[in-house]
Amino acid sequence: MGKILAALAFALSAGVAGQALAEPIKIGMITTLSGGGAGLGIDVRDAFQLALKQAGNAEIELVVEDDAQKPELAVQIADKMIQSDKVDLLTGIIWSNLAMAVVPSVTAQEIIYLSPNAGPSPLAGAACNANYFNVAYQNDNFHEAAGEYANIDYSNTFIMAPNYPAGQDALTGFKRYYKGTLAGEVYTQVGQTDYAAEIAQIRASGADSVFIFLPGGMGIAFTKQYAQSDVGIPLLGPGFSFSQDVLGAIGDAAVGVKNSASWSPDLDNPANAAFVEAFQAEYGRLPSVYAAQSFDTANLILSAAAKASVTDKDAFRAALKEADFASVRGKFSFNTNQHPIQDLYMREVVKEGDVITNKIIATVFTDHGDAYAKDCSL
């Protein structure tokens, strides 16, 4: 298990530069740095480190460990970070099954957890907690936008996702706004790489469109196999399945696919333009939606740390809730359940020279919250 201990002190640029922290902070990052989902975790780690580097603050210490996409390992790491490393905050988890294993225990120990990605529905609703902030989305959100957009051209969609909490939330979200009929609804195995049987089902279904949620290596495998099959039915997805971290591996098979997200590299606001330029300069690649969410998570923490001591939980939570930072998404605020209220877009995968990326083609929702805030007692 790799471990990185870094006190990051460099020169900077963005909104929190030059602001003194109330006191030093140690942040624990548990994320996926190996296996089929490694690209997602690498983007989360790299963008978070970029934000800290830009802030030029030596008082931040970041502890990073690889969860290898294993819930039991993530739980062990969280316990060690809290009890031995004495971290003040935790972040980093990509996968919802890992979040469900880790977050309730962490928040019960009065440690604040900030999610840069996973947003399982229980943690947005009845199991919400004052020590849990989601800086990304609630799992259903991107899929809700895809369902709403599908209504424009399609009426008989085949939907598919892996059988774990985020996959279940995905199809629930799509169906919440989609008004047509379903040609099929299939749950696949987590980590599956052979989709011949599912593609055969799609071919025989009579569908006029296909919606998939298959993040990481799953999406790479399916999209390439789907293109090779020549089924020819239009493919839709959330931004996770067609994010920058996988587009290079999918290649031309992804071009033309429409996908929904809260962010895109071409989103027109000053914070985003600076972020995309800095990320490319630092790492030699375009950032993904995972990177954008993680960059915002780091800057949210920095904005709160400039106002309150992390040891004063009430004051620090209040400072986080203000969301007083320049988000790469433009507008950003927290709902009553400490999940985002934000705009959601439809993007299309395009090829610009040798680079495959996304461009926004429509705004689907403005100031969109989630369906579970009403069940949260905060």
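## Salt bridge

The side chains of D367 and K331 form a salt bridge, with 3.1 Å from N to O. The model is predicted. Between domain 1 and domain 2 the count is 1 salt bridge. K331 falls in the 269–334 segment of domain 1, and D367 in the 344–375 segment of domain 2.

## Domain layout

The domain assignment splits the chain in two. Domain 1 takes 2–137 plus 269–334. Domain 2 takes 141–261 plus 344–375. Over C-alpha atoms, the domain centres are 26 Å apart.

## Domain interface

On the domain 1 side, 23 residues make contact with 23 residues of domain 2. Together the two domains bury about 1,700 Å². Carbon and sulfur atoms carry 65% of that area. The interface also holds 4 residue pairs in polar contact, both residues at pLDDT 80 or more.

Which helices supply at least two residues each to the side of domain 1 that touches domain 2? They are α1 (38–55), α3 (96–108), α4 (121–124) and α11 (289–305). The residues on that side divide into 10 nonpolar, 11 polar and 2 charged.

## Aromatic pairs

The whole structure contains 20 aromatic pairs. A pair of aromatic rings is described by the distance of the centres and the angle of the planes. Y113 and Y132 make one such pair, at 6.2 Å centre to centre with 10° between the planes. This pair counts as stacked because its planes are under 30 degrees apart.

Y113 sits in strand β5 (residues 112–115). Y132 sits in strand β6 (residues 132–134). The two are 19 residues apart, and their pairing links distant parts of the chain.

Definitions and conventions:
Residues are numbered from 1 along each chain as its sequence is written. This is a predicted model: local features need pLDDT of at least 70, side-chain atom pairs count only at pLDDT 80 or more; totals for chains, interfaces and linings use all residues. Side-chain values use heavy atoms; hydrogens and water are left out. Domain bounds come from an automatic or database domain assignment. Contact means heavy atoms within 4.5 Å. Buried area is the accessible area (1.4 Å probe) that two parts lose on being put together, summed over both. A salt bridge is a side-chain nitrogen of Lys or Arg within 4 Å of a carboxyl oxygen of Asp or Glu. A polar contact is a pair of N or O atoms within 3.5 Å; within protein, one must be able to donate a hydrogen and the other to accept it, and residues adjacent in sequence count only if both atoms are side-chain atoms. Helices (H or I, at least four residues) and strands (E, at least two) are DSSP runs, numbered from the N terminus. Ala, Val, Leu, Ile, Met, Phe, Trp, Tyr, Cys and Pro count as nonpolar, Asp, Glu, Lys and Arg as charged, and the others, Gly among them, as polar. Rings of Phe, Tyr and Trp (its six-membered ring) pair if their centres lie within 6.5 Å; planes under 30 degrees apart count as stacked, over 60 as edge-to-face and the rest as tilted.
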